[in-house]
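Open the model in your viewer, turn on a cartoon display, and colour the chains separately. This tour goes from one selection to the next and says what is to be found at each stop.

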Protein chains: 2
Amino acid sequence: MLKPHTTPQSLAYVDGELVAISEAKISILDWGFLHSDATYDVSHVWQGRFFCLDEHIDRYYAGMEKLRLSIPYTKAQLAKLLLNMVAQSGLRHAYVEMITTRGQPSPGSRDPRTCTNQFFAFVVPFVWIIPPEEGLHIAISKQQRIPSASVDPTIKNYHWLDLVMGQFDAYDRGAQSAALVDENGNIKEGPGFNIFIIKGNQLFTTNTGVLQGITRKIVMQLAQKLALEAPHALNTKVVLGEISTDAFRRADEAFATSTAGGIMAITQVDDTVIGTGRIGPLTTQLKEAYWDMHTQSKYSLEVPYPK
Amino acid sequence: MLKPHTTPQSLAYVDGELVAISEAKISILDWGFLHSDATYDVSHVWQGRFFCLDEHIDRYYAGMEKLRLSIPYTKAQLAKLLLNMVAQSGLRHAYVEMITTRGQPSPGSRDPRTCTNQFFAFVVPFVWIIPPEEGLHIAISKQQRIPSASVDPTIKNYHWLDLVMGQFDAYDRGAQSAALVDENGNIKEGPGFNIFIIKGNQLFTTNTGVLQGITRKIVMQLAQKLALEAPHALNTKVVLGEISTDAFRRADEAFATSTAGGIMAITQVDDTVIGTGRIGPLTTQLKEAYWDMHTQSKYSLEVPYPK
């Protein structure tokens, strides 16, 4: 049971109950752990407002459907449950994760159809991957991102060993994070983020073998909108196509997109400084437009904190 | 705390304590769950004897080293801990799983180097995937097994979504389990098992993109040994090479190997009956030799059950 509190705290929703995060546990026999047989989504709360919650919930349900998982809530019930969890936590800047696992099969069975799927959610304080005024130093990893033919990347999943090994590789080489490639050496994604480059008036991002990120989608929409509003100052065209490692290194600007951190400038790739080595003007413009959206009621929902 | 018991029961080792399996839980924030950042091994106990425990422990430690994970036990201490866990459980036919997870990073960090790795183990009753006198009906899945360039398959890991989706696909097509392929369409492995075929006097299994299974290794040793002992009756030569889907369907005999179930005959692939449709003579011979090893002190260790 939760104790009444006055300071913000991390909370979780487990077995239909709200509990302190320290009590949020899953059976080690759940296939969500033993087979990484699960899908999830992460949304965030900024200045007490839930950002793009409906889009995250839509993607989460689409992932469940593809994995033949289900939870006993409608989308509207889930939204209410998450809003209540955040309200109870008191956190005004937070990550909110929703998870469905396969559960455990019937005793003696190994048939996933006998499992009772499990629902979990948690809210924890928002953390910056890097301070927002800094640029990321990325190492291009030899590690290949798990291909779509093995695991559908549009289903948000916990198959991260390639990303974790890429991260270790990056640290070994003095970088802060990694960009993984496909079997042709084209840039795919990093641990938890999509990658964009800007060259001339074009904004490039790959469309295959990656998560269809929500921040990624917002950036594409913002780029179109900014181009229409200021056709001479910023006529940035969005191109969906492969990014070679060479193109990545020769970019005018580059950035990573993620719910965790939003739009993060990439200012160095291996030993190559990108552009001026500082956050570029188009990246800055997109970042500002992105954070401006967080206070607009079209994109964000007020959390009903207790008075 | 464990209650004294007289009937065999599943147990687990969590946070340095032996607990009932129902209490065996992991934090939902552990990266072993959230990033499937973990390695494990599964050994089995048969007729009160631990089979090939040292080999499983060796592979487990090798996997930890590759993933930069560690536990505070020597191999000898781990063996003792597992033997004691099984002894306390009273189970005489059991699976024993040992797990190391990354753990949780320091508050506010996403750096895996700040994590305290966690150790878990559990013992549960032995279950047959199929009754040992039956053959498996396998469907060849379109799902590709996660390639080595993404996740090193010699590190036993929980990246199973491809295998789980293959399993669903198999059920949809009326089969019992699935064989996954690589990008060239060659047969790799199924959910938790390696695959062998016999054609003429040759035993084929792939050597790339698969777990280097311990049952797989034993089968190769047994095949060599049986060939030497009875060169005219069974001069089976082991060939490490790719198995095409055609070769799989045209095999004289085929079988799956796994700690869970040992050597399991495959008697149907999609709509094609393999050989006579019954467990073949060489498969039977290998199976008998495999189970005979379980009572030999060279390969198995007596569990010190309380008197």
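Begin in chain B of this predicted model by selecting the strands of its open, seven-strand sheet, which pair in the antiparallel sense in the order β2-β1-β7-β6-β4-β5-β17. The edges are formed by β2 (17-20) and β17 (300-302) of chain B, each of which pairs on one side only. As you go from one strand to the next, the twist averages 25°.

Next, select residues 38-46 and 94-101 of chain B, which are the antiparallel strands β4 and β6, joined by eight bridges; here Y40(B) stands opposite I99(B).

Now add helix α2 (53-67) of chain B, which packs on the sheet and touches β4, β5, β6 and β17 of chain B, its direction making about 175° with that of β4(B). Helix α3 (75-89) of chain B also packs on the sheet, touching β1, β2, β4, β5, β6 and β7 of chain B, and its direction makes about 135° with that of β6(B).

Show both chains next, and ask which rotation superposes chain A on chain B. The rotation is 180°, with 0.0 Å of shift along its axis and an RMSD of 0.0 Å, which means that the chains have the relation of a two-fold axis.

Where the chains meet, 41 residues of chain A are in contact with 41 residues of chain B. On the side of chain A, α4(A) gives the most, with six residues, and the residues of this side divide into 23 nonpolar, ten polar and eight charged.

Finish at residues 25-27 of both chains, where β3(A) and β3(B) pair in the antiparallel sense over three bridges, and where I26(A) stands opposite I26(B).

Conventions
Residues numbered from 1 in each chain as written. Chains lettered and ligands numbered in written order. Predicted model: local features only at pLDDT ≥ 70, side-chain atom pairs only at ≥ 80, totals over all residues. Least-squares fit on C-alpha atoms with pLDDT ≥ 70 in both. Contact = placed C-beta atoms within 7 Å. Helix = DSSP H or I, 4+ residues; strand = E, 2+ residues; numbered from the N terminus. Nonpolar A, V, L, I, M, F, W, Y, C, P; charged D, E, K, R; others polar. Pairing = 2+ DSSP bridges. Axes fitted to C-alpha atoms, helices over the stretch in contact; angles between N-to-C directions.
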